[in-house]
Each structure stands twice: as C-alpha cells, then as structure tokens.
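Trainee: Got a minute? I have a structure open and would like to walk through it with you.
Mentor: Sure, put it up and we'll start.

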Amino acid sequence: MFVKARLANLQAVDVNAFDVIYICPHRSELGTLVFRRHRTPPRRALFIELPFAAPCGSIDHIRDVLDPQRFQDGWLP
C-alpha cells in the first residue's frame, strides 16, 4: 500500500498504519526514510510531501504530529 499526504494533512494520519514513512520534496516521488518499523517488511508506505519552501524543523514537526508521546521506536535520527 502506498499513501501520499501533504504536510498540512497529517492530523488524520495514524502512524500505526504504516511500516515506513518517507518525506519527499514538493512534487517528487523520491523520499528520505524517517521511520522504519522494526522486524516488519515495508509493505505499507506513507510519503509525506513537503511544501515548496519547507520550514526548518519539518521532520521534528512530523514526529510531533504523528507520534506526540514518542511511543514508536522506529524514528530514524
């Protein structure tokens, strides 16, 4: 399963529904891996499209929205 979302639409996304999460530049299909569930094949992927002029700290913002209490241990540095 492949899902693409914009940074502004993350409130309705459940991090538990995905095995891998990538961030990608505006209008791009290539992304940077920021989350990988351990011991699970990457079958369910979420691609988060950043805005054209992405603000600094976007990855931290994504973590705060998707996993505010840091229950998931798959976040990559």
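Mentor: One term before we begin: contact means heavy atoms within 4.5 Å. Keep in mind too that this is a predicted model.

Trainee: Okay, with that in hand, what does Val 15 touch, not counting residues up to four places away in sequence?
Mentor: Val 15 touches Ile 21, Phe 35, Arg 37, Leu 66, Gln 72 and Trp 75. Take Gln 72 as one of them: Val 15 and Gln 72 are 57 residues apart in sequence, yet their C-alpha atoms are 8.5 Å apart in space.

Trainee: And where is Val 15 found?
Mentor: In the loop between β1 (2-6) and β2.

Trainee: Is Val 15 buried or exposed?
Mentor: Buried. The cut-off for buried is under 20% relative accessible area, and Val 15 has 4% relative accessibility, so it counts as buried.

Trainee: Let me zoom out. How many helices and strands does the protein chain have?
Mentor: The count is 1 helix and 4 strands. Along the sequence they come in the pattern β-β-β-β-α.

Trainee: Then let's talk about that helix. Which residues of α1 are buried?
Mentor: Helix α1 covers residues 58-66, and its buried residues are Ser 58, Ile 62, Arg 63, Val 65 and Leu 66. They cover an arc of only 165° around the axis, so they sit on the same side of α1.

Trainee: Why would residues a few places apart point the same way?
Mentor: An α-helix has 3.6 residues a turn, so residues three or four places apart point the same way.

Trainee: What do the buried residues of α1 pack against?
Mentor: Two strands: β2 (20-24) and β4 (45-49).

Trainee: Since you bring up β4, what about Phe 47?
Mentor: Phe 47 is in strand β4. Its relative accessibility is 12%, so Phe 47 counts as buried. Leaving aside neighbours within four places in sequence, Phe 47 is in contact with Phe 2, Val 3, Lys 4, Ala 5, Tyr 22, Cys 24 and Glu 29.

Trainee: And how far apart are Phe 47 and Ile 21?
Mentor: From C-alpha to C-alpha they are 6.0 Å apart in space, with their positions 26 residues apart in sequence.

Trainee: How much of the contact list in the chain is long-range like that?
Mentor: Among contacts with a separation of 6 or more, 60% are between residues 24 or more positions apart.

Trainee: New topic: backbone angles. What is phi of Arg 27 near?
Mentor: Phi of Arg 27 is near 60°, a positive value in a residue other than glycine. Most residues other than glycine have a negative phi. Arg 27 lies in the loop between β2 and β3 (32-36), and at 74% relative accessibility it counts as exposed.
Mentor: Arg 70 also deserves a look: its phi is near 55°, again positive in a residue other than glycine. Arg 70 is found in the segment after α1 and is partly exposed, with a relative accessible area of 42%.

Trainee: Last one, overall dimensions?
Mentor: The C-alpha atoms fill a box of roughly 35 × 25 × 25 Å along the principal axes. With 77 residues, a compact globule would have a radius of gyration near 11 Å, and the chain's 12 Å agrees with that. Of the 77 residues, 40% count as buried.

Trainee: And the surface and charges?
Mentor: The chain exposes about 5,100 Å², with carbon and sulfur atoms supplying 56% of it. There are 10 positive and 8 negative side chains, and the centres of the two sets lie 5 Å apart.

Technical notes
Residues numbered from 1 in each chain as written. Predicted model: local features only at pLDDT ≥ 70, side-chain atom pairs only at ≥ 80, totals over all residues. Heavy atoms only, no water. Buried < 20%, exposed > 50% of the residue type's maximum accessible area, 1.4 Å probe, protein only. Arc of directions from axis to C-beta. Rg over C-alpha atoms; globule rule 2.2 N^0.38 Å. Areas by Shrake-Rupley, 256 points an atom, 1.4 Å probe, with all protein chains shown as cover. Lys, Arg positive; Asp, Glu negative; His and termini not counted. Charge placed at Lys NZ, Arg CZ, Asp CG, Glu CD.
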